[in-house]
Amino acid sequence: MNPDHSKVHDAGERFARYLRETGRRNTPERQLVLSRALAARRFFSVEELGEAINAEGSHLAQATLYATLELLCEAGLLGRKHTARRTLYCPVAAGSAQTVCSVCGKVTALKVPELSAALGRLQPGRFVPSGFYLEIQGMCSICARRQKKKSQKNI
Ligand SMILES: [Zn+2]
């Protein structure tokens, strides 16, 4: 089986369960946002996702996109970060770590089974954790090489 396909399938089941448990409907629009958002390989904005969906001939209102992205964050399928100008989203595997290139935005998942065990040992008071991910910021090898070349030229 294609591993990407099974990943999307698992996420689809998790999202469907989350919607059911929170009394929400699993609509074709929500499924469309889920599949496009999970295909992303880097952080994206609500506008970028809207443009990608429009380019495929579908159209979703920005309010629908935004609301569905927030649901995907609540369900633990997307991570979100706020910059000065906008909110960016990225697919995350629950209980995983990922490296994020601060230059090109490339995201790479890392499997760290010890993280889940560590979370199990934490007792965060009056808080019921539903998932987590760890973001490791830095520079990918391609960007690091480019920057090295650039700094050598400037000498
Ligand atoms: Zn990079």
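Let's start with a hairpin: strand 2 and strand 3 form one, with 4 residues between them. The two strands run antiparallel, and 5 bridges join them. Strand 2 covers residues 78-82, and strand 3 covers 87-91. For one pair to find on screen, take His82, whose bridge partner in strand 3 is Thr87.

Before going further, a caution. This is a predicted model. Please keep that in mind throughout.

Now, what sheet does the hairpin belong to? Strands 2 and 3 sit in an open sheet of 3 strands, with the order 1-3-2 and antiparallel pairing. Strand 1, residues 44-45, and strand 2 are the edge strands, each pairing on one side only. Strand 1 meets strand 3 over 2 bridges, again in the antiparallel sense. Look at Phe44 here: its bridge partner in strand 3 is Tyr89.

Let's step back to the whole chain. It has 155 residues. There are 6 helices and 6 strands. Along the sequence, the pattern reads α-α-β-α-α-β-β-β-β-α-β-α. The C-alpha atoms fill a box of roughly 60 × 45 × 40 Å, taken along the principal axes. Buried residues account for 15% of the chain. On contacts, take those between residues at least 6 apart in sequence: 56% of them join residues at least 24 apart.

How is the chain divided into domains? The domain assignment gives domain 1 as 1-91 and domain 2 as 94-155. Their C-alpha centres lie 20 Å apart.

Next, the core. In soluble globular proteins, nonpolar side chains tend to be buried together. In this model, the largest nonpolar core has 17 residues. Which of them have the most contacts inside it? They are Ala37, Leu69, Leu72, Leu78 and Tyr89. Tyr89 we have already met, as the bridge partner of Phe44.

Several elements give two or more residues to this core: helix 1 (3-21), helix 2 (28-38), helix 4 (62-74) and strand 3.

Take Leu69 as a worked example. Which residues does Leu69 contact, leaving aside its neighbours within four places in sequence? The answer is Val33, Ala37, Val46, Leu78 and Tyr89.

Two of those, Val33 and Ala37, bring us to helix 2. In that helix, Arg30, Val33, Leu34 and Ala37 are buried. These four cover an arc of only 100 degrees around the axis, which puts them on the same side of helix 2. Note that Arg30 is in that buried group.

Now to the other sheet. It is open too, with 3 strands in the order 5-4-6 and mixed pairing. Why do strands 5 and 6 each have a side without a neighbour in the sheet? Strand 5 (107-110) and strand 6 (133-138) stand at the edges, and each has a single partner strand, so one side is left without a neighbour. From one strand to the next, the twist averages 25 degrees.

Within this sheet, strand 4, residues 96-101, runs parallel to strand 6, and 6 bridges join the two. For a residue pair to look at, Gln98 stands opposite Glu135 in strand 6.

To recap the two sheets. One has the order 1-3-2 and antiparallel pairing. The other has the order 5-4-6 and mixed pairing. And the hairpin we opened with is made by strand 2 and strand 3. That's it from me.

Key: Residues numbered from 1 in each chain as written. Predicted model: local features only at pLDDT ≥ 70, side-chain atom pairs only at ≥ 80, totals over all residues. Pairing = 2+ DSSP bridges. Axes fitted to C-alpha atoms, helices over the stretch in contact; angles between N-to-C directions. Domains from an automatic or database assignment. Core = buried A, V, L, I, M, F, W, Y, C linked by C-beta atoms within 7 Å. Buried ≥ 20, exposed ≤ 12 C-beta atoms within 10 Å, placed from the backbone. Contact = placed C-beta atoms within 7 Å. Arc of directions from axis to C-beta.
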